[in-house]
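Q: I would like a close look at one small part of this model, followed by an account of the fold around it. Please keep to what can be read from the coordinates, and explain the cut-offs as you go.

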Amino acid sequence: KLMKKHLEQVEGLVKTLQSQKHEHSRHLQILQAMLYLEEFNKAVEYIEGLAENSLMVGEGMLLLGHPALSALLNSRKKYAEEKAIDFAFSIKCDLTEINIKPWDLCSLTGNLLDNAFEAVLLNRGKKQVALEIKKEKGFYVIYVYNNGPLIAPEEREKIFAPGYTTKDSLARGYGLYLLQKMVEGYEGKIEVVSAEKTTFTVYLPCAR
């Protein structure tokens, strides 16, 4: 079900890109005609209008060099806007060679973000979630921050245990346990710090 969900998100992204490609071709034809007719000032005005519109498209649909992750983060961005959550993300490295299957990367990132969103929705004030991915000392490092209620020290010892949950549901309590097992399967590790804010950090070794 998770893979199907991510494939649907990727399909939506592809459809959006195809639509933009069609628009791009149409704009080139119009500019070609303007230049042929020597309507240079109008061509410059048209290009400036396109450039301004392109910035708006970039803010709405962000491409990150990893189609599956792009689809995931754009969908989460839309969800955050609907819930009045200040959600920011930054990809500071090339992900084309990251040593994890796309569906596992989306499962890992999506679950951490969903937990973060769930936490900040308990806030009465500002709700902030952030994601950062970068390369550090032979690892791809994924940081997920949130300013929701802090995790007590005694709980931080238990949150990766199978079945442990603070929610009143028998179906909960296995998400972080399964994520930890997935990360360990890639010879990585996952850590949590909860002081002024809560940060989940995942370390995935670069391919040798």
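Which residue has a side chain joined to that of serine 194 by a polar contact, and what is the distance?

A: The side chain of serine 194 makes a polar contact of 2.7 Å with the side chain of threonine 198. A polar contact here is a pair of N or O atoms within 3.5 Å; within protein, one atom must be able to donate a hydrogen and the other to accept it, and residues adjacent in sequence count only if both atoms are side-chain atoms. This is a predicted model, in which local features need pLDDT of at least 70 and side-chain atom pairs count only at pLDDT 80 or more, while totals for chains, interfaces and linings use all residues. Residues are numbered from 1 along each chain as its sequence is written, and side-chain values use heavy atoms, with hydrogens and water left out.

Serine 194 belongs to strand E4, which covers residues 189–194; helices (H or I, at least four residues) and strands (E, at least two) are DSSP runs, numbered from the N terminus. Serine 194 counts as buried because its relative accessible area is 10%, where buried means under 20%, exposed over 50% and partly exposed in between, with a 1.4 Å probe and protein chains only. Leaving aside residues up to four places away in sequence, serine 194 touches Leu150, Ile151 and Arg156, a contact being heavy atoms within 4.5 Å.

Threonine 198, the partner in the polar contact, brings in strand E5, which spans residues 198–205. Both strands belong to an open sheet of five strands, ordered E1-E2-E3-E5-E4, with mixed pairing; two strands pair if DSSP finds at least two bridges between them. E4 is one of the edge strands, and the other is E1 (86–91), each pairing on one side only. From one strand to the next, the twist averages 15°.

Helices pack on this sheet. Helix H4 (residues 102–120) touches E1, E2 (128–136), E3, E4 and E5, and its direction makes about 20° with that of E3. Helix H6 (residues 175–185) touches E4 and E5, its direction making about 25° with that of E5. For these angles, axes are lines fitted to C-alpha atoms, for helices over the stretch in contact, and the angles run from 0 to 180 degrees between N-to-C directions.

Moving along the sheet from E5, one comes to strand E3 (residues 139–146), which pairs with E5 in the antiparallel sense over eight bridges. Across this pairing, valine 144 faces phenylalanine 200, and tyrosine 140 has leucine 204 as its bridge partner. E3 is mostly covered, with seven of its eight residues buried. E3 also runs antiparallel to E2, to which eight bridges join it, and here lysine 134 stands opposite valine 141. E2 and E3 form a hairpin with two residues between them. In that turn lies lysine 137, whose phi is near 50°, a positive value in a residue other than glycine. Lysine 137 is classed as exposed because its relative accessible area is 84%.

A second positive phi, near 60°, is found at alanine 84, in the loop between H3 and E1; its relative accessibility of 61% is why alanine 84 counts as exposed. In the helix before that loop, by contrast, the buried residues include Ala68, Leu72 and Lys77. Helix H3 (residues 67–82) has 16 residues and, at 1.5 Å a residue, should span 22 Å, which agrees with the 23 Å between its end C-alpha atoms; the expected span is 1.5 Å times one less than the number of residues.

For the chain as a whole, the secondary structure comes to six helices and five strands, in the order α-α-α-β-α-β-β-α-α-β-β from the N terminus on. Of the 208 residues, 37% are buried. Among contacts with a separation of 6 or more, 62% are between residues 24 or more positions apart.
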